Amino acid sequence: METSTVLQKTRRYRICEKTKLNNLVNHIMRNYKPETIQYKRDFNPEDTKENLLIGSDFQIKEKGSDWFNQVELESKLFKDNLEQSLIDADKFAVQKISLSRSEKDKTIKSINYFSNLENYDHDLEIDITPVISKCLDFKIQDKNNKDYSVIDKKEIQTALDFYSNIPKDKKVKSLNAKKKNLTQILGNVDAMKVANDRRATASTRAIGFEEVLFKIPKHNDKSLKDVDMISIIKDWNDEHYANFQVLGGAFHKDERTTKGNAVDDHLHLIRSGFNRDTKRFDLPDFTHQKGLEMAKKQGVDFVTDGKKFNETTEDLRTIASEALQTEFYSFANKRLKKLGYDFRFEKKELTPEEKELRTFLKEQSTLPKSQRVQNMHSYFEEKTKENIEKALKANKFVNNKKVELVEIKEVRNRKIIEANKAIKIKKETVDKTHLAKNKLDEINNFIERKYDLLDSINKKVVEALSSAVEYAMNSLPQSLKTYLERQEDIKIYSESLSLEVEEKAIEIQPTKEMKSKIRNGKRNRFKGF
């Protein structure tokens, strides 16, 4: 009997990956804009009317020629159904009532109070002794696995009754603190035992959905009727994933490379990641554990580590996934026999090269389609084409060697000419760069000279004003002389600056006579100084 491989592949989407999920729905529903690359390459729009819509829990809808007239509406309904499944998951999950974080902290603090209590009358306060003992037992427990059942409410109540009715002739230290902490524990210890459940969708990183792709790889040249492919996956889902609802999908018949040839037909489904039994989004863990259970039944030798899917080793993940694959082959073959097909599915033993290729293609699956190496059949086709092309090129090389040598020589000569041009251009560039550098050096020198000049002027301004101040304070002729000399130097560079300095110097003089000397003084009057 002839055999064939089969592909039942899944891809998971987190609750937060809304854009990726919407793109998946658009692909399944063919909800493309005419100008997009998907419209041109992924499918044949003329054949889309033959596709089948798969509704919730495998209800089949035939849209026929109305497919594209209703594709936007159907896509919206599909997306709304996915969103509604998240809302329903929250409603379906049991919401347990628990204490607030603040109340829990207060209760733990009260328990710690009694576990550390030493300052009490052992004879008078004998009723508190069992409470202290139980609080100590609680304290030494693992902090991540606290058991509040060790706290006995009856003992708490007995101690509280005692402290509430202390005889007047007796005194108890810290009475109010003991009563307060006992009341805190008594009122909350039961609620402390209840897990603080969140909404089922509280973690948007959880796997909210899983895409299921079911097809027979094209190179097998085998196909199944659409209703049979759908029924096989439905039966598999009912038997192994009954607690995970199928939310919708489509059976594609519009990717046929040859008209009327069903070998390209395949089924897309979207399965909810919400487990209606555990009321959690735990599909990866559920699938992993189911795979390990199947591996044990199949006689695979391994040691489980009891960890979740995202915490376990890659070896155990591989064992689980291969066991699921083996089980699916067996399951599907029973259906093929029942349906009367003359071939069976058989797992192919992969060569090291094929294993390496599978790993590579798995890595490629996360890339956009335009960047992928396509499927295995296409990969081998491309490899064959490459080998043929290499042979033709080698033959052409032998037959046209002389012509190619001439061409190589011409190319070499052109490259030499281009290299000489490049050297010339580079030399010109270097010369221009050198000139620009010299120009830049000149500018920098000019700027430095200007800075030196500015420093010199600043010093003369300071000296002029300092001399004017000395003259105003002491009436020394030498100070007046120095001021006038500095003014003459300043005036050489800037007459306006000289006038500003003169105004300041006149302003600080105490008498009209001295102001006049500052204003009208001449150097030749002080030659004898």
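These notebook entries record what I looked up in the structure.

**Basis.** I worked with a predicted model, in which local features need pLDDT of at least 70, side-chain atom pairs count only at pLDDT 80 or more, and totals for chains, interfaces and linings use all residues. Residues are numbered from 1 along each chain as its sequence is written, and side-chain values use heavy atoms, with hydrogens and water left out.

**Nonpolar cores.** I looked up the largest nonpolar core (buried Ala, Val, Leu, Ile, Met, Phe, Trp, Tyr and Cys residues joined through side-chain atoms within 4.5 Å; buried means under 20% relative accessible area, with a 1.4 Å probe and protein chains only). This core has 36 residues, and Phe214, Leu224, Leu267, Leu269, Phe328 and Phe345 have the most contacts inside it. I noted the elements that each supply at least two residues, among them β5 (207-215), β7 (266-272) and α10 (314-339); helices (H or I, at least four residues) and strands (E, at least two) are DSSP runs numbered from the N terminus. Helix α10 gives the most, with nine residues. I also recorded a second, separate core of 22 residues, which includes Ile132, Phe138, Leu160 and Val172.

**Arginine 519.** I located arginine 519 in helix α16 (residues 512-520). Arginine 519 counts as partly exposed because its relative accessibility is 45%, the class between 20% and 50%. I found that arginine 519 touches Glu502 and Ile506, not counting residues up to four places away in sequence; contact means heavy atoms within 4.5 Å. Arginine 519 and leucine 484 lie 35 residues apart in sequence and 9.5 Å apart in space, C-alpha to C-alpha.
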